[in-house]
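Please look over the sequence and the model below before reading on. The paragraphs that follow go through the fold step by step, and they are best read with the structure open alongside.

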Amino acid sequence: MPNPIYNITPFTLLDYPDKTACIIWFAGCNMKCPYCYNPEIVLGKGKISFSDSLTFIEKRRNLLDGVVLSGGECTMHHGIEQYAAEIKGMHMLVKIDTNGGHPEKLRALIQRNLVDYVALDFKSLSSGFDKVTKSNLFAQFEESLELLIVSGIPFEVRTTVHSDLLSAHDIQEMTSFLKKKGYKGNYYIQNFVGDTPTLGGMNYSVPLHSEDFAGGDMEIVIRN
Ligand code: SF4
């Protein structure tokens, strides 16, 4: 099996709410969002095996609360359940960053109590999904959202906004969609920041501001 992991960030205070963690960056992705900040991870090959990364995590287990499985798309990888089980076996928390493209993997992780927190990317409504992600995985995203809503697992929904792809009106429609589905958490908006190379060469974007969403009935939090 090719190595699944592109890189490891040994320590973060920013990527797991209120926890110290390391980040495991999984190589490859089932989407190709043109604004993606991580083209080298999405297009590159893994360099680190499950086993070597677990050795690293084991050495850090007393220093960290948890492990963030990110990428790329971590749920694409065979063996992700066993990998999460090994981390849970070290009595560490597991957070999954996912685009929702593999609901069957997410379901299996939830059913086996192998995930403690999920950050789910909401790329677009179905009408714009192909443009934003270069994929046809909206139905899979929707299934992931629905299963997280009924799971009781703490999770957040977040959207990266590039003004060439999504408008404030689109975000309002996406907010209505979330509300209809029964999502009750905050909705996090991350304005695209063009300070690194991107997958589709996208750069300058007009940022959205909290005033663009005043008076709505869901808490929309701008993260930058
Ligand atoms: S931004 Fe898109 S292409 Fe990049 S890792 Fe996330 S889902 Fe994959």
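**From the sheet to the ligand**

Strand 5, which covers residues 117–121, is mostly covered, since 4 of its 5 residues are buried. The coordinates behind this statement, and behind all that follow, belong to a predicted model. Strand 5 is paired with strand 4 in the parallel sense, over 4 bridges, and within this pairing Lys-95 stands opposite Tyr-117 of strand 5.

These two strands belong to an open sheet of 8 strands, arranged in the order 1-2-3-4-5-6-7-8 and with mixed pairing. The edges of the sheet are formed by strand 1 (5–12) and strand 8 (220–222), each of which pairs on one side only, and from one strand to the next the twist averages 20°. At the strand 1 edge the partner is strand 2 (residues 21–26), and the two run antiparallel, joined by 5 bridges; here Thr-9 stands opposite Ile-23 in strand 2. Towards the other edge, helix 7 (residues 168–181) lies across strand 6 (155–161), strand 7 (187–191) and strand 8, and it runs at about 160° to strand 6.

Which residues have the most contacts inside the largest nonpolar core? That core has 56 residues, and the ones with the most contacts inside it are Ile-24, Phe-26, Val-67, Leu-69, Ala-84 and Val-94. Strand 2 gives the most to this core, contributing 6 residues. The surroundings of Ile-24 can be followed in more detail: when its neighbours within four places in sequence are left aside, Ile-24 is in contact with Ile-5, Ile-8, Ser-53, Val-67, Val-68, Leu-69 and Ser-70.

The last residue of that list, Ser-70, lies in strand 3. Is Ser-70 buried or exposed? It counts as buried because it has 22 C-beta neighbours inside 10 Å, where 20 or more are needed. Apart from neighbours within four places in sequence, Ser-70 is in contact with Ile-23, Ile-24, Trp-25, Phe-26 and Asp-97. Lys-59, by contrast, is 11 residues from Ser-70 in sequence, and the two C-alpha atoms are 20 Å apart in space.

Following the chain onwards from Ser-70, the reader comes to a cis peptide bond from Gly-71 to Gly-72, with omega near 20°. Gly-72 itself lies in the loop between strand 3 (66–71) and helix 3 (80–89). Both glycines also appear in the surroundings of the ligand, which consist of Cys-29, Met-31, Lys-32, Cys-33, Cys-36, Asn-38, Val-42, Gly-71, Gly-72, Glu-73, Asn-99 and Leu-199. By residue class, this shell divides into 6 nonpolar, 4 polar and 2 charged residues.

Beyond the loop, Ile-80 is found in helix 3, and it counts as buried because 22 C-beta neighbours lie inside 10 Å. If residues up to four places away in sequence are not counted, Ile-80 touches Cys-74, Thr-75 and Lys-105. Ser-167 is 87 residues from Ile-80 along the chain, and their C-alpha atoms are separated by 35 Å.

Two loop residues deserve a look at their backbone angles. His-91, in the loop between helix 3 and strand 4 (93–98), has a positive phi of about 60° although it is not a glycine. Lys-134, in the loop between helix 5 (126–133) and helix 6, is likewise a residue other than glycine with a positive phi, here near 55°. As for their surroundings, His-91 counts as exposed because it has 7 C-beta neighbours inside 10 Å, whereas Lys-134 is partly exposed, with 14 other C-beta atoms within 10 Å.

After this second loop comes helix 6 (residues 138–151), where Leu-147 has its place. Why does Leu-147 count as partly exposed? Its 17 C-beta neighbours inside 10 Å give the reason, because the partly exposed class lies between the limit of 12 or fewer for exposed residues and that of 20 or more for buried ones. Not counting residues up to four places away in sequence, Leu-147 touches Pro-103, Leu-106, Arg-107 and Ile-110. Tyr-204, which is 57 residues from Leu-147 in sequence, is 35 Å from it in space, C-alpha to C-alpha.

Technical notes:
Residues numbered from 1 in each chain as written. Predicted model: local features only at pLDDT ≥ 70, side-chain atom pairs only at ≥ 80, totals over all residues. Near = placed C-beta within 6 Å. Nonpolar A, V, L, I, M, F, W, Y, C, P; charged D, E, K, R; others polar. Pairing = 2+ DSSP bridges. Axes fitted to C-alpha atoms, helices over the stretch in contact; angles between N-to-C directions. Contact = placed C-beta atoms within 7 Å. Core = buried A, V, L, I, M, F, W, Y, C linked by C-beta atoms within 7 Å.
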